[in-house]
Amino acid sequence: MNRKPNSYEGVALVSPVTIDYEKQSDKQAEWFIGRALAELLSDSGLKKEDVDGIALSSFTLAPDSAVSLTNYFSMTPRWLETIPLGGASGVVAMRRAARAIQAGDAEVVACIGGDTANAESFSTLIDNFSGFSSNAVHPYGAGGPNTVFSMITQHYMDKYDVKREDFARICMSQRDNALAASRSLFSKPLDLDSYLNARAIADPIYLFDCVMPCAGAEAFLLMSAERARSLSLPYVEIMASEELYNAYADDDIHYRGGWAMFRDNMYSSAGIGPEDVDLLHTYDDYPAIVMLQMEDLGFCEKGEAARFVQSTELTWNGGGLPHNTSGGQLSAGQAGAAGGFIGIVECIRQLTGQARGNAVENADIAVVSGYGMVIYDRCLSSNAAILKRGSA
Amino acid sequence: MTDKLLPPEKRTAVWKTIDHAARQGQFVLPVCEQCDAIQYPPREICHNCLHDGLQWQEITSAGEIIASTALNASTSAFFREHLPHPVALIKLDAGPLVYAHLARTELKTGDRVELVNRCDINGRGVFIALSAGGTEVIQAESLRAMLSEQRTN
Ligand SMILES: [Zn+2]
């Protein structure tokens, strides 16, 4: 991997927006997306007509897509993207929109991930996630992604001597972060006993290793840095970003992802290393997958994430490596495709001094990673971005 | 146990050959006429050379358990009646990675197994991993419930 993308210079991310998560909702996906859009406008002071691009991710909007929203919200954008990449969607939305801004195809792009949730929506989604999974995984117990990730987790634990107590470090610190950010669907901290004694879902995955499906939305705006400055909006710039699909396809089981293939490129493009990063937001569908990202993004050696999380404070104010300071999906909830945006939105918030009750001190540089789409035996999309506080 | 609940049966058309082969007691997968690549999950285009000439063939079904689990949660009402349900990811000696039901929960990572293709109560072919040798009785209760009456042969 020696080919590097062109610079993302001159592009700004602004207006981090979260529409409060709800465990279940009678409202449609359009409500969560529409509320996010309205919040983006009120935060930025822009008018609906100023938004000339939309990048959207949603599972429960189907059979509608981004184009339907132009009619629903009476907009006439000249640039439109629907990104069906689940947990990889946020970084991809940012990358596509950044190029549109640089090329002049759009001036202001609203990037939104949003979904509703009801009794049927989650099982409908996971039972029909892909052709391969509904035909060749679903008949074997209908366990959804837990079937696949319990096996990936077991293999990872065996290969690198990882214990459930190590996963607990990630899950417990994220709960603390979520409570500080006042955005958890849970109301109290998670202690080690509760974590270890939770009910089995698919051994070695237990209840608190799983995300809670919910409704909600996450969103941000992209525009030129010049425009952000003229609007006096605090902003974040993209130092580097990469994406890769179906990496390490010959591995019999998933234990490393595309991040390991592109990280040298990414850090070299940014001119920094992992040691310069002030906060990390990984895609946390399961704690073992968080560990893969910590390793493959260079925060520790391969196979050493268990030792790393035991010796490193992961909370927002622990002085170590603040990780998933929003609480992540494990403790804030997984609002469908918004789960792919929660990391970027939180990083924008932290780097622009807009964090809620969980502000990381002196946060200038963040790494955010995405991971998504379990088509058969692993997720096929991996990506990451290095973001930095914009210069005034 | 109510008889109304059935295991999942929705499959795309390309899987009908596996259902048919299950009635003959055969383990078959599509093989590329041009490059001999064995395909799983079944498909219409070769994953390796993109040729569209795939022929169903009997494949040696011996392999090794890469990882396994006992499912304690399921979106299927049928399986929820029969939890925990043991499943595994098998690496076939022939190449493909295949999810299969485990004949008994004691089978673990590294164990040599043989896959058999059996009809479930919907008439769908499902893969079951038996200890290498393939003669053991299926013990997992959930699995016995989903197989048709010839299940113990
Ligand atoms: Zn071929």
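**Zinc site, nonpolar cores and cavities**

The zinc ion is held by four sulfur donors, Cys32(B) (SG), Cys35(B) (SG), Cys46(B) (SG) and Cys49(B) (SG), at 2.3 to 2.4 Å. The model is predicted. The largest nonpolar core has 103 residues, and the structure contains three cavities of 30 Å³ or more.

**Zinc site**
- Because the angles subtended by the four donor atoms around the zinc ion are 103 to 117°, the arrangement is tetrahedral.
- For comparison, the ideal angle for four tetrahedral donors is 109.5 degrees.
- Along the chain, the zinc donors show the spacing C-x2-C-x10-C-x2-C.
- Cys32(B) belongs to strand E1 (residues 28–32) of chain B, while Cys46(B) sits in the loop between E1 and strand E2 (54–58) of chain B, so the pair ties together parts 14 residues apart in sequence.
- Both Cys32(B) and Cys46(B) are buried.

**Nonpolar cores**
- Within the largest core, Phe149(A) and Phe127(B) touch the most other members.
- Helix H6 (residues 145–160) of chain A provides the largest share of this core, with seven residues.
- Leaving aside residues up to four places away in sequence, the contacts of Phe127(B) include Tyr140(A), Ile18(B), Phe27(B), Leu29(B), Tyr40(B) and His101(B).
- A second, separate core comprises 37 residues, among them Ala98(A), Leu222(A), Ile238(A) and Val368(A).

**Cavities**
- The largest cavity encloses about 70 Å³ of space.
- This cavity is lined by 15 residues, of which Tyr283(A), Gly339(A), Gly340(A), Gly343(A) and Ser369(A) are the closest to its centre.
- Helix H14 (342–351) and strand E10 (365–374) of chain A each contribute at least two residues to the lining of the largest cavity.

Technical notes
Residues are numbered from 1 along each chain as its sequence is written. Chains are lettered from A and ligands numbered from 1 in the order in which they are written. This is a predicted model: local features need pLDDT of at least 70, side-chain atom pairs count only at pLDDT 80 or more; totals for chains, interfaces and linings use all residues. Side-chain values use heavy atoms; hydrogens and water are left out. A nonpolar core is a set of buried Ala, Val, Leu, Ile, Met, Phe, Trp, Tyr and Cys residues joined through side-chain atoms within 4.5 Å. Buried means under 20% relative accessible area, exposed over 50%, partly exposed in between (1.4 Å probe, protein chains only). Helices (H or I, at least four residues) and strands (E, at least two) are DSSP runs, numbered from the N terminus. Contact means heavy atoms within 4.5 Å. Donors are N, O and S atoms within 2.8 Å of the metal (3.2 Å for Na, K and Ca); water is not among the atoms, so sites may look incomplete. Four donors count as tetrahedral if all angles lie between 85 and 135 degrees; four count as square planar and six as octahedral if opposite donors are over 155 degrees apart and all others between 65 and 115; anything else is irregular. On a 1 Å grid over the protein atoms alone, a cavity is a set of points where a 1.4 Å probe fits but cannot get out, and a pocket is an open set with protein on both sides within 12 Å along at least five of seven lines; lining residues have an atom within 4 Å of a point. Grid points are joined across faces, edges and corners, and a volume is the space filled by probe spheres set on the points.
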